[in-house]
Amino acid sequence: MPLASPSSNPSLHGRRIVLGITGSIAAYKSAVLARELKRRGAEVRVLMTPGATEFITPLTLATLVDNPVHSDFTEDVHAGIWTNHVELGIWGDLILIAPATANTLAAMVHGQCDNLLQAVLLSARCPVVVAPAMDLDMFTHASTQSNIQTLAERGVDVIEPDTGPLASGLFGKGRMAEPEDIANHLAQRFEAELPWSGKRVLVTAGPTQEPLDAVRFLGNRSSGKMGFAIARVLADQGAEVTLVTGPVVLDTPSRIHQRIDVQTASEMNDVVQSMWKDMDWGVACAAVSDFRPLKTSQQKWHRSEMPPALELIENPDILATMGKTKQAHQRLIGFALESDHGQASAQNKLSRKNLDAIVLNSLMDDGSGFEHDTNKVSVLFKDGKSVSFELKSKYDVACDVVDLWRTTLTP
Ligand code: CTP
């Protein structure tokens, strides 16, 4: 049962970050930081104080972030073109000042506006994060500590400097935090704002295969695409997703916490029941085989050995078992693929398995169900309420239902 390791290097995909660099020797690390933010998918614009440009060139940063670097109030003084600091302050999802000198921290406290970075800070509407860098005595000085405390009280997020050898030759606290740690810190901040942040969700997906002999099995035509799309959307929206899947040929969505591959319904049941008590939500998309062969063989059956009839025994109902042990804070979602009397049958499963909602897709709808890239679903709730969606890509269906569950069922 291969277990994928929890994902590392959390993403900053699509985030707009204004990176402010001030005049400290640690500015050389800002190049690595800018590259790391870009590598994780952020869009980065760089502002440098005049002091910073003495430590590292704007050209280096502009090349790394693929955007012009700003350091003056004017772009072209003769042509009368000014740098629109208001636009820059509004553009960013976050302003990161790394390194932040003692001087810049003091200027922030007093609302000074001596350079472009300070002007942007005064007009910014987004959160501000600072990574101080200075010599140990400057850092422990009462003025610096009082400035840091004031900024923190105003909501500025301060990333503590590291302890180690300093440019002065002294040893102590004052080194700017490492670029990778700063990038992780930002990713965690953004993550905490996501709608499913802090929720642990167990998703089952794909078919199960019930072996007959060494080469044959009972299976079904589930591709796993719907379950994988749901797992992806939940993970992108901040959930810690554990994906338990039968045999599929699909790549693991990038932000999934862990993926556990199983073959049979019994294996899936063992994994799911052992994890369910620690989850907040369960979403059962898997097309679980209701039966398995009574007799199986480790060898391949030859034609002459094939049983004349297959005797089947019942598999555990994974979802119904989850429903029986469901705790008050847990939410449980099922899926139903029906060929006839869909609504009534789905409503029946919803109450029989103690679910909070069930997603119904009909085999009668064109482009819906197994093997398609599209799906057309309705979501039914305990109180009889139902919401229907048009035929859409499975990814778009996943976005719709995940949003609906959260807004309707969040405890
Ligand atoms: N399910 C499950 N374990 C099973 C069978 C089904 O967890 N052994 C889950 C599916 O993942 C799905 C829901 O139950 O979320 C409904 O599956 P379906 O096969 O439609 O339900 P059954 O209870 O098997 O009903 P039917 O008699 O229609 O097959």
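Tyr 28 counts as exposed, because its relative accessibility is 51% and the cut-off for exposed is over 50%. The structure shown is a predicted model. Tyr 28 belongs to helix H1, residues 27-39, and joins Ile 25 and Phe 55 in a nonpolar surface patch of about 320 Å². The points below cover the nonpolar cores, a buried arginine and the salt bridges.

**Nonpolar cores**

- The largest nonpolar core has 35 residues, and those touching the most other members are Val 203, Ile 230, Leu 234, Val 283, Val 379 and Trp 405.
- At least two residues of this core come from each of the strands S10 (200-205), S13 (240-245), S15 (281-284), S18 (331-338), S19 (357-362) and S21 (377-381), and likewise from each of the helices H9 (225-236) and H13 (394-409).
- H9 gives the largest share of this core, 8 residues.
- Beyond its neighbours within four places in sequence, Val 203 is in contact with Gly 227, Ala 231, Leu 234, Val 241, Thr 242, Leu 243, Val 244, Val 283 and Cys 285.
- A second core, separate from this one, holds 34 residues, among them Leu 19, Ala 62, Ala 177 and Ala 183.
- In soluble globular proteins, nonpolar side chains tend to be buried together.

**A buried arginine**

- Arg 259 sits in strand S14, residues 258-261, and is buried, with a relative accessible area of 11%.
- Its side chain makes a polar contact of 2.9 Å with the side chain of Asp 261.
- The side chain of Arg 259 also reaches the backbone oxygen of Leu 250, at 3.1 Å.

**Salt bridges**

- The whole structure contains 20 salt bridges.
- Arg 216 and Asp 213 form a salt bridge with an N to O distance of 2.4 Å; Arg 216 is partly exposed at 29% relative accessible area, whereas Asp 213 is buried at 4%.
- Asp 373 and Lys 225 form another, at 2.7 Å from N to O.
- Asp 373 lies in the loop between S19 and strand S20 (374-375) and Lys 225 lies in helix H9, so this pair ties together parts that are 148 residues apart in sequence.
- Asp 373 is exposed, with a relative accessible area of 52%, while Lys 225 is partly exposed at 27%.
- Arg 175 and Glu 178 meet in a salt bridge at 3.9 Å, N to O, and a network of salt bridges links these two residues with Lys 29.
- Arg 175 is partly exposed at 27% relative accessibility, and Glu 178 is partly exposed with a relative accessible area of 30%.

Conventions
Residues numbered from 1 in each chain as written. Predicted model: local features only at pLDDT ≥ 70, side-chain atom pairs only at ≥ 80, totals over all residues. Heavy atoms only, no water. Core = buried A, V, L, I, M, F, W, Y, C linked by side-chain atoms within 4.5 Å. Buried < 20%, exposed > 50% of the residue type's maximum accessible area, 1.4 Å probe, protein only. Helix = DSSP H or I, 4+ residues; strand = E, 2+ residues; numbered from the N terminus. Contact = heavy atoms within 4.5 Å. Patch = residues over 30% accessible without salt bridge, like charges linked within 9 Å, V, L, I, M, F, W, Y side chains within 5 Å. Areas by Shrake-Rupley, 256 points an atom, 1.4 Å probe, with all protein chains shown as cover. Salt bridge = Lys/Arg side-chain N within 4 Å of Asp/Glu carboxyl O. Polar contact = N/O pair within 3.5 Å; in protein donor to acceptor, adjacent residues only side chain to side chain.
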